[in-house]
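Here is a short question-and-answer pass over one protein model. Keep the sequence and the 3D view open while reading.

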Amino acid sequence: MIQYRTDKNFEAEQLKELFSSVNWLSANYSERLVKALYNSSTVISAWDGEKLIGLINALDDGELTAYVHYLLVNPEYQKDGIGTRLVEMIKQKYKDYLCIVLTAENPGLVGYYEKLGFDVVPNSTEPRQDIIQAVTLKSPERLIAFCKGIQAAAPVDSYVDPEPWDMPGYDSQ
């Protein structure tokens, strides 16, 4: 039976095995992965007994935005709903946030993320030109709150409160 945990008790070798199973370069830095995950805001892992078989992590600003950085499941366990469960758990944790940003570096996974409820631009049927994906906030209020959250976390002028205004050359604020 698969168990899901929110602790950050990983050994470097466990992380190396998981990250190697999906051919991620990060596997070569397993000691640093231990530190990186320990410093993450949230880590949810999937275990088959003592074997680490899946993981998702997020970095957040404490109020508005959470960034999902890692989502991986050992290929031996893929198609069993583990990745979906990890995403559901992270979405539940951040349900009151305005935005959950997930970076889809693998274009082959865009359709999977769409099935999980993420708005992805370009979508799975459109050609992709770059690694950058868009985040859809769906309302002016959410966009303003997102911008304020980014500014509040900025290393420079974090006290500034951005406000929309008419800018020459643009049709809207």
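Q: In what order do the 5 strands stand in the open sheet?
A: This is a predicted model; local features need pLDDT of at least 70, side-chain atom pairs count only at pLDDT 80 or more, and totals for chains, interfaces and linings use all residues. Residues are numbered from 1 along each chain as its sequence is written, and side-chain values use heavy atoms, with hydrogens and water left out. Strands (E, at least two residues) and helices (H or I, at least four) are DSSP runs numbered from the N terminus. The pairing is mixed, and the order is β1-β2-β3-β4-β5.

Q: Which strands stand at the edges of the sheet?
A: Two strands pair if DSSP finds at least two bridges between them. An edge strand here has a single partner strand, so one of its sides is left without a neighbour in the sheet. The strands at the edges are β1 (2–5) and β5.

Q: Which residue is the bridge partner of T42 in β3?
A: β2 and β3 pair in the antiparallel sense. That pairing runs over 7 bridges. The partner of T42 is A58.

Q: What angle does the direction of α1 make with that of β3?
A: α1 packs on the sheet and touches β2, β3 and β4. Axes are lines fitted to C-alpha atoms, for helices over the stretch in contact, and angles run from 0 to 180 degrees between N-to-C directions. The angle is about 90°.

Q: Why do the buried residues of α1 lie on the same side of the helix?
A: Buried means under 20% relative accessible area, exposed over 50%, partly exposed in between (1.4 Å probe, protein chains only). In α1 (residues 12–21) the buried residues are A12, Q14, L15, L18 and F19. Taking the directions from the helix axis to the C-beta atoms, they lie on one side because they cover an arc of only 160°.

Q: Which elements do the buried residues of α1 pack against?
A: Contact means heavy atoms within 4.5 Å. The partners include one helix, α2 (30–38). The strands are β2 (42–48), β3 (51–60) and β4 (65–73).

Q: Which element gives the most residues to the largest nonpolar core?
A: A nonpolar core is a set of buried Ala, Val, Leu, Ile, Met, Phe, Trp, Tyr and Cys residues joined through side-chain atoms within 4.5 Å. The largest has 24 residues, and I56, I82, L86, I90, Y94, Y113 and F118 have the most contacts inside it. Two or more residues come from each of β2, β3, β4, α3 (82–93), β5 (99–102) and α4 (110–115). The top contributor, with 5 residues, is α3.

Q: Is T65 buried or exposed?
A: T65 lies in strand β4. Leaving out residues up to four places away in sequence, T65 touches L59, D60, Y97, C99, V101 and F146. Its relative accessibility is 1%, so T65 counts as buried.

Q: What is the phi of N23?
A: Most residues other than glycine have a negative phi. N23 sits in the loop between α1 and α2 and is exposed, at 71% relative accessibility. N23 is not a glycine, yet its phi is positive, about 60°.

Q: In which loop does K79 lie?
A: K79 has a positive phi near 75° and is not a glycine. Its relative accessible area is 84%, so K79 is exposed. Its loop is the one between β4 and α3.
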